[in-house]
Every structure is written in structure tokens, then in C-alpha cells.
Amino acid sequence: MSDFDRESMLEMFIFEMSHLIDQLEATIVQSESEYNIDQINEIFRIMHTIKGSSAMMMFDNIAGVAHSIEDLFYYLREENPQDLDYKRLSDHVLGGADFVKEELAKIQDGQKPDGDGTDLAKAIDKFLQSIKGTGAEIPEALPPAADVPVQSVAKKQSYTAGDTVYKYRARIYFQDGCEMENIRAYTLVHNLQELATEISHEPQDVIDEETIPVIRKNGFMVEFASSQDYNYVYSHLLATVYLRELNLEELSAVGAGASPVPVAIPVATPVAVAENVPEALVLHEDLPAAAIAAASQPDTSAASQDASQRKAGAAAPTHMISVNVNKLDALLNLMGELVISEAMVTQNSELEGLQLESFNKETRHLRKIISNLQQTVMSMRMVPLSATFFRMHRIVRDMCRQLDKDVQLDIVGEETEVDKNIIEHIADPIMHIIRNSIDHGVELPAERSSRGKPAKARVLLEAKNAGGDVLIIIKDDGRGINTEKVLKKAKTNGLTTKPDAEYTDREIQQFIFLPGFSTNDQVTAYSGRGVGMDVVTSNLEIVGGTALVDSTPGEGTTFTLKIPLTLAIIEGMSVLVAGAQYTIPIVHIIKSFKAQPENLFTDPSGNEMITERGEIFNIVRLHEFFNIEGAVTDVCEGTLIMLENGEHVVCLLVDDLIGQQQAVVKSMPKYFKKVRGLSGCTLLGNGDISLIIDVAGFFDK
Amino acid sequence: MAMVQNLFDEERHDDTIKDQYLTFAIEDEDYGVEIAYVKEIVKMQAITKVPEMPNFIEGIINLRGDLIGVLDVRKRFGKPSKEHDEETCIIVIIYSDYTLGMIVDAVQETAIIPEDRIAPPPSAKLSFANQFIRNIGKVGDDVKLLLDVERFLAQD
């Protein structure tokens, strides 16, 4: 395998794994008090996939841990033991998940995943043994269908107990575009070895990349013998990564064994059919009804029904595909191009003065399609917040256990969508705020009870759309922010700029977003070191968002994060300097105004300033800042735009305002070195280019 | 934004483009750039100036939705700039991961210059522009100055 192949496989692997781990955590945290059979199956499936994929990538330590958890859940699934210590079970699984996460992080950094998972695996095995020990009280032969509504687990057990060897033939189709089908086929065979013998497959030499097209076209065919029954083998194969279609056929069963019903005879009938048409790989359920009827074996049809039900269940995830973000970016570019060329065609100067009734009608139709297309393309970049939100369950759970607090996290509006790029930047801020709320805000259960609050605290995580923005609200019912303490701390850190009495509670509360600010006297594992809340603001700044806090002492604190829907489009004010257009993100603009000569003054070192409504501001001339020639130099003739960036305000001199418009943001060509004060460029609706001003550039001189 | 030509996009193979050069004129001299670097040729269009750039960087153009940087070859060679006219063209090149436009007086032709018709420049001639010329090629009796793209693009 070349490095390149491995590189892209690694990327796929990491993507797949993180997704699975997220799913795993969500499943566990949802159901911590007790697992139902679906959740056990889900965890089993996830672990099985993790094991298979990491074995394929030769990360044996990950595979080892996954294997022991898989064993554990296999037992749970098969035996359904009562009186489980679910808390301990969850701890073990989450421990495993953490281990996998750690190793993934190493792989992502290009290091070797060298963590030792054997202790973890041993602990899990020990736990399994202990369950098995207590589970002995439960009668081995569970009454069929007890507590297991969908899966015919109990029935299966009686089969597997015997020595009957079944022969199977499976044909597997991988999802289109999953790549490296031959390696996946190899992994499949490798995984089969645990439960099957006499494995033969077609194409034979799967290591050879030449077989990829064959597998894509005809599927991967594998024949094997196994003592496991149809359902078990089917579900085993179903866990294959990137599976699109699975046809599993039972060829024959040899040996008598302890099967309560004579399975061998009826199943032989379908084989006769199959052998008459060797090329036609028929599914169990596709067999002529007569054959099954002749077999007078209700179990066969039950099993096939079961299989078909599961097949339908497995087909559902294929409605989603994962696409490289670069491709979406390219699509967005092409979209912009299409809009421009549409205008060039329909407003072509050669059409002027012509009577074009039908042409105009058709172009209106075209324009409508194009604008629909544009919306669809934009919506493709949008991802729901649910994955980010549900990840917080885990954080809340872990903190509650360590801090002995009792918190319920309620999630509302997780289906709200934001741009993919933005999601990456808001996960951390949300996490920090939730940690802060639980650590600082929420009181211990006893204290809560004594204050007449319910012992179980409530943290609300809510997302909602508000115009072109998304609001993320994190609300707790804890003790609120102690403004006195905050102000005192702000004063000792030299952050205050006016007398104490002039500060409103709201202003004081905003101090907590400044770097190095923590009022918690004790440093805990989660907060108190003074980093955290400023991460919130700095991360939000990257995506052009803002954070607000509102707190009522004794009743709780509400954090509101305002983030734009998308980074690809900003709301900008176009301004003119020496004939060239510049775009200023509207979020930074307070107002624009014309200067009066009597309000202007210059300090001895030549800094220009202006008084506006009693306050004094620095003036930055955009043409001077960028050394542009031919601009308006008289401050009173041009227009001043008052810009804010956090606490700082400045007045920017430009020639003129053009107007407000939405701009598609592009980065500067790679060849250009970074220019302070510019963050990128944008294509205007008419195809012109405008440079986007980075307001922060005016402040950090 | 009309595209004049989309050169060899599909046949960017070593065999077919070996020894091929796109030749262009600056002042009275003819220059050549290896066709492997050339993406396309577009006619002159509106350029958006970018502040704080070296003088030979003209700005950014919108190439069908892609924003690419544009250099003025004349200014890069230290020659006086010239009014743009009908013949002025932008040669779009791809070098490592940059896509860039080069403003030239006129694009001439694609010429095949076999290796035995190429010689290094005489070391005695040390004009400013010389540092950007790797070799000198001959087509018939004409001399083409072959560009050293790496040095041409270096921003010190």
C-alpha cells in the first residue's frame, strides 16, 4: 500500500472512528440507568466496527480494547442478565471510548498510537467474568422471546449449542465511492475467521488492487462454513464497514448436534434450488414459497423475515453520504460563476432593443432555478448542531460524578443548522460555558435543597435561529454571578476604567470573558485556572460571533452566544477609497457620520482625534493605513465609520459609503503575503472584487 | 471575462508537452515559458489593487469565480510599464500550489524548442532581467529568452 493510500485511508478511518465514538457516547449517556436491547445491539455493532476498522489499520491496541467491550456486549445481548451494575458498565465502556479517542488524537497528530490498552481490556474482561458469575443464577435456557422482542436471540442459543456446521455463501456490495474495496474485502475475510472455517472467496487475490473493479461490479463473494446460525452470521456480516448490500445464503447444514428441530433437511431444499442456478445468488426470502412450504419449517421463514427486517434497517443510513468539504467549496465557486454568467447572458448588450417576449419568460424561469440551486448548495454546507450538543451529555455526566452534583442537561433546538466551518469553532466555547455553569453556578444538592430549589439542577442548552444569526443559549439555575466579587477581582487585575459605582451589574458580568479571570477561589479539575471564558470570546471572534452573559443572583445565569449562520457569506458595508471597493463586516460598525471641523484635533505626535457626543476617538485614515494614493484626504469631506472590536472603538476615514450587501467570502490568493488589516476578499454580485477589512488590524499596533 | 484558449488542459503529459514553450513579447524581446506551467490565457480585465504588495504585483482578478493574483512582467523585469492595449494578455500559470496571472505585452505562439537548440545565457551579460532567464532557445533565426519561473515568482 502506498503512503498516499494509507494517508487517505487514515483520514477516512479517523472520520469514521470519531463518528462512531460520538454515537457510542450518545447511546450510553442516554441510557445510563438501564440499557434496552436496542442500545445493547447498537453498542455491540459500534464496537464491532471499531474493532474491524482498527484491526484493518493495524492499530492492535484499539482493536484489543474494542474486542473486550464487544465480548462484553455479546454476552449481554445473548444472555440478557438481570441486575446489572449499569453505572460500572457505563464507566467501562466510556473508559474504552476515552482510550480510543486518545489514540485517535495521536494518530491525527501523526504519532504512533502507542497507548497500552491491555489493563483496560483486562478490567473489562474481569467485569464480564463477574457478570457471568452472578448471571449463573439465571437459568441457562431462557424461555424463548422473553424480553427480546425483535431479535430471536433465545432461539439462536439453542442452535449454537450444537455442533451443527452450516455452509454459507455471502455476496457483499460495498457502498459506491468507499474506495479500497479490496482491502475492505480482505478485512471482512479476516474478521470471518473468528467464526468460520473453510473460507473461500471470489475474487481470490484481494490484495491485488486490480480486483477493485471486479468487486465493485460483481460484489465480493465469500463461501464459508460456520457453526453459528444464519441470524448470527448475518448480523456479523452486517457490521461490515461501508456495506451497501448483503446477500447471505445458507447452502447446507451438516452434522446433527443438539438442534431441537431438524434444520438440515428443510434447508437442503433451498440448496437444490440454488445449485440448479449456480450464478443466481438468491436471498433466503427470495426462494420460491413452495420450497419453503414443502420444507414445512416455520423457523426458516421466520428467520428470513427477521433477516429482511434487519436488511431494511441497515439500508437506512445510506441516505447520507460524506463529501469532502473542498468539493462543496468548488461547487460554491461554480455557483457564483453561474450567477454571473446568467446575468451576462440575459443582460447581453446585443439583446438591447429587441422584442423578446418568450426569451424573457424563459430567462425568468432560469433565474428562479439558479436561485433555488444556490440555496440548495448553501444548505449542503449546513450541519445540525445535534452532534455538538449531544456530546455535552458526556461532559455533564463526568462532571456530576466528580463534583458530586446532580445536573440534568436539557437540549432544545439541536436540529438548528449552521455552516460546517462554524461548528468546529463553537464546540469549545459551549463546553467551557457548560463546565463553568456546573462548576461555578450549580450548587451542591444539599445547598440547593436548603435554598428551596430542587436538588437536581437544570442546565438548558438551546439553539434557535434569529434572522441571519443563530443564538445558542446556555442557562443554568445555579447561584448566579457574584458581581461584587467580580468587580473586586477586576479592580485588582486593573481592568476597571471608571469608578465602581458607575458600573452596572450587566457591565460587571461581562468582565468574566476577559483573559485570566476566575472568581473561583479553589482551582478544580474543571475551572478556576483563569483560562476558559476568554477562550469563549476568542473562539467566537474567529467566526464573527459574540457572547453575552446575564445573571440574577440566586436564580441562575444565562449565556447567549450569537453566531452567524455561515462564514461563506457575510453582511458587509461597501466603502470606496480611491476608486476601489472595500467591505467592512457590518457586525463591527457602530455608525457612520460626517466630521465637523470644530470637533477635530491633533495631538503633538500627530495623532488625529475627534470628539463625538462627548467622547474622544482616534481617527484611522484607511488610505494612509494602506498607502493608497488618490483618496480623499480632507477628513470633513470623506465619511467616518465608527468601528468597534471588543472594548475598543476607532473612527475610520473612507471616501464614501456605497451600501450594505451580502458578500461571498474568499481567502486571498496564496501567493500574497498576509496584509495587516485585510482578512480576505469577496466577489460582489456583479463579479467585481472587494477586499474585506479585518477590523482587529486597526487596533493591535 | 472571456477565455481565449484553454491550452492543453487534457493533455498535460510529459511526452506531449515536452520541449513546448509559450512565447510572449515584452518590449522588443521574445520570451518563452514552459507550457507545462501554463493553464490558460485570458485577455486583460479589471484588476483589483491590493495594498502593501511589492510593486510588480498588480492585484487580483476574478477568474470565473476563482480569485487569483496578477503580476506585471514588465515591472518585474524593471522595465517601464506600458498602456494596456488590445494585445495585452494575462497568461495564467500554475506553479507549485500557486495560480497566478502574468501580464505580458502580447502572446505569440507555442513553439517547439528541442534541447539541442537551448543554451545557457552568456555569463558576461548581467542585466537585471537576466536573473529571471534560465536559458536561451533558438527558433529558426529568432532568439527566445526562456523564463526561470521559480526565480521569477520569488518574493525575496
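Contact here means heavy atoms within 4.5 Å. On that criterion, 27 residues of chain B are in contact with 22 residues of chain A. The model is a predicted one, in which local features need pLDDT of at least 70 and side-chain atom pairs count only at pLDDT 80 or more, while totals for chains, interfaces and linings use all residues; side-chain values use heavy atoms, leaving out hydrogens and water. Residues are numbered from 1 along each chain as its sequence is written, with chains lettered from A and ligands numbered from 1 in the order in which they are written.

As for the interface itself, the area buried between chain B and chain A comes to about 2,100 Å² (the accessible area, with a 1.4 Å probe, that two parts lose on being put together, summed over both). Carbon and sulfur atoms give 67% of that area. On the chain B side, B:Pro51, B:Glu52 and B:Leu67 supply 27% of the area that chain B buries against chain A, more than any other three residues.

Next come the sheets. Helices (H or I, at least four residues) and strands (E, at least two) are DSSP runs, numbered from the N terminus, and two strands pair if DSSP finds at least two bridges between them. Chain B has an open sheet of six strands in the order β9-β2-β3-β12-β11-β10, with mixed pairing. Its edges are β9 (106-112) and β10 (118-119), each of which pairs on one side only. Towards the β9 edge, strand β2 (residues 20-26) of chain B runs antiparallel to β9(B), and six bridges join the two; B:Phe24 stands opposite B:Val107 in β9(B).

Further along the chain B sheet, the pairing of strand β3 (residues 29-34) with strand β12 (residues 142-147) is parallel and rests on two bridges. Here B:Gly32 has B:Leu146 of β12(B) as its bridge partner. On to strand β11 (residues 133-139) of chain B, which pairs with β12(B) in the antiparallel sense over six bridges, with B:Ile136 opposite B:Leu145 in β12(B). The hairpin of β11(B) and β12(B) has two residues between the strands, and B:Gly140 takes a positive phi near 60° in it.

Chain A brings an open sheet of six strands too, this one ordered β14-β18-β19-β17-β16-β15, again with mixed pairing. The edge strands are β14 (589-593) and β15 (600-602) of chain A, each pairing on one side only. From one strand to the next, the twist averages 35°. Within this sheet, strand β18 (residues 639-645) and strand β19 (residues 648-654) of chain A run antiparallel and are joined by seven bridges, and A:Leu643 has A:Val650 as its bridge partner in β19(A).

That leaves the helix pairs of chain A. Two packed helices are described by the angle between their axes and the distance between the axes. Axes are lines fitted to C-alpha atoms, for helices over the stretch in contact, and angles run from 0 to 180 degrees between N-to-C directions. Helix α3 (residues 60-79) and helix α4 (residues 86-108) of chain A pack at about 155°, with axes 10 Å apart. That angle makes α3(A) roughly antiparallel to α4(A) (angles under 35 degrees count as roughly parallel, over 145 as roughly antiparallel, 65 to 115 as roughly perpendicular and the rest as oblique). The residues of this contact include A:Ile62, A:Val65 and A:Phe73 of α3(A) and A:Leu89, A:Gly96 and A:Phe99 of α4(A). By class, the contact of α3(A) with α4(A) has 11 nonpolar, three polar and one charged residues (Ala, Val, Leu, Ile, Met, Phe, Trp, Tyr, Cys and Pro count as nonpolar, Asp, Glu, Lys and Arg as charged, and the others, Gly among them, as polar).

Helix α15 (residues 386-403) and helix α16 (residues 420-441) of chain A pack at about 25°, again with axes 10 Å apart, and are therefore roughly parallel to each other. Among the residues in contact are A:Phe389 and A:Met392 of α15(A) and A:Ile430 and A:Arg435 of α16(A). The contact of α15(A) with α16(A) divides into 12 nonpolar, one polar and two charged residues.

α16(A) also packs with helix α20 (residues 533-542) of chain A, at about 155° and with axes 9 Å apart. That makes α16(A) roughly antiparallel to α20(A).
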